[in-house]
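The following paragraphs lead the reader through one protein model, from its overall layout to its charged and aromatic pairs. Please keep the sequence and the structure in view while reading.

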Amino acid sequence: PAQYFRDPEDLDAYLEHSAFLADINNERPGERNKTYAENLSRLERFVMLMFEDDTTVVPKESAWFAEFNRTTGERTPLEDRELYKQDWIGLKKLGDRKRLEFLTAPGRHMELSEELLAGLFKKYLGGRVDGDEMGLWVHGVAEL
């Protein structure tokens, strides 16, 4: 199974079997890596992009670190989760400094138009982005 699946209704199994997500989200009690939170909280901005018609990331709001209870149908936004309240990965510090951005993009998972991608590069990376220098290749975008 994908290492990105997190079932809030069966956290014990998730913590036992997760080889990636539980660690990167600092969710293992007694094993939290302070360096993760320190490094992430130093970012100038943390941008989260949710796709309106996403069927790959379910629920799509988890792109914004929201949690979903399948039994009740309740969605818990990032700010109400322990991960945020206890600042396990530095998101609360970023939020307190107004450095979190919750964006929504049209379309399905990772269907970024060249226009949207160029706009995101310009807004968050600043000015012109030289794909050769950054090791990026954006088909059909000559000037950002």
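Glu61 is a convenient place to begin: in this predicted model, Glu61 touches Met50, Ala66 and Arg75 once residues up to four places away in sequence are set aside. Glu61 lies in the loop between β1 (46-51) and β2. Its C-alpha atom is 10.0 Å from that of Phe102, although the two residues are 41 positions apart in sequence.

Before these contacts are followed further, the overall layout deserves a description. The protein chain contains 7 helices and 4 strands. Read from the N terminus, the order of the elements is α-α-α-β-β-β-α-α-β-α-α. The chain has 144 residues, of which 31% count as buried. Among contacts with a separation of 6 or more, 47% are between residues 24 or more positions apart. The chain exposes about 9,700 Å², and carbon and sulfur atoms supply 51% of that area.

The charged pairs come next. Side chains of opposite charge can pair when their charged atoms come close. How many salt bridges does the count come to? The count comes to 9 salt bridges. One of them joins Arg75 to Glu61, with the closest N and O atoms 2.9 Å apart. This pair links distant parts of the chain, since Arg75 belongs to strand β3 (residues 75-76) and Glu61 to the loop between β1 and β2, 14 residues apart. The side chains of Glu61 and Arg75 also make a polar contact at 2.9 Å. Arg75 has a relative accessibility of 43%, and therefore counts as partly exposed.

A salt bridge within a single helix is formed by Asp96 and Lys92. The closest N and O atoms of Asp96 and Lys92 are 3.2 Å apart. Because Asp96 and Lys92 are 4 residues apart in helix α5 (residues 91-96), about one helical turn separates them. Is Asp96 buried or exposed? Asp96 has 52% relative accessibility and so counts as exposed, whereas Lys92, at 26%, counts as partly exposed.

A further salt bridge pairs Glu111 with Arg108, the closest N and O atoms being 3.0 Å apart. Both partners are partly exposed: Glu111 has a relative accessible area of 39%, and Arg108 has one of 49%. Elsewhere, salt bridges that share partners join Glu27, Glu67 and Arg81 into one network.

Within that network, Glu67 can be placed in more detail. Glu67 is located in strand β2 (residues 67-68). With a relative accessible area of 19%, Glu67 is under the 20% limit and so counts as buried. Leaving aside neighbours within four places in sequence, Glu67 is in contact with Arg6, Pro8, Glu74, Arg75, Thr76 and Arg81. Arg75, already described as the salt-bridge partner of Glu61, is thus among the residues in contact with Glu67.

The aromatic residues form another set of pairs. A pair of aromatic rings is described by the distance of the centres and the angle of the planes. A search of the whole structure finds 2 aromatic pairs. In one of them, the ring centres of Phe46 and Phe65 are 6.1 Å apart and the planes stand at 50°, so the pair is tilted. This pair links distant parts of the chain, with Phe46 in strand β1 and Phe65 in the loop between β1 and β2, 19 residues apart. Phe46 counts as buried at 16% relative accessibility, and Phe65 counts as buried at 17%.

Trp64 and Phe102 form an edge-to-face aromatic pair, with 5.6 Å from centre to centre and 80° between the planes. This pair, too, links distant parts of the chain: Trp64 is in the loop between β1 and β2, Phe102 is in strand β4 (residues 100-105), and their positions lie 38 residues apart in the numbering. Phe102 counts as partly exposed at 31% relative accessibility. The loop between β1 and β2 therefore holds Glu61, Phe65 and Trp64.

The surface offers a last feature. Phe20, Ile24 and Tyr36 make a nonpolar surface patch of about 240 Å². Tyr36 is in helix α3 (residues 34-41), and at 32% relative accessibility Tyr36 counts as partly exposed.

Terms used: Residues numbered from 1 in each chain as written. Predicted model: local features only at pLDDT ≥ 70, side-chain atom pairs only at ≥ 80, totals over all residues. Heavy atoms only, no water. Helix = DSSP H or I, 4+ residues; strand = E, 2+ residues; numbered from the N terminus. Buried < 20%, exposed > 50% of the residue type's maximum accessible area, 1.4 Å probe, protein only. Contact = heavy atoms within 4.5 Å. Polar contact = N/O pair within 3.5 Å; in protein donor to acceptor, adjacent residues only side chain to side chain. Salt bridge = Lys/Arg side-chain N within 4 Å of Asp/Glu carboxyl O. Patch = residues over 30% accessible without salt bridge, like charges linked within 9 Å, V, L, I, M, F, W, Y side chains within 5 Å. Areas by Shrake-Rupley, 256 points an atom, 1.4 Å probe, with all protein chains shown as cover. Phe/Tyr/Trp six-rings, centres within 6.5 Å; stacked < 30°, edge-to-face > 60°.
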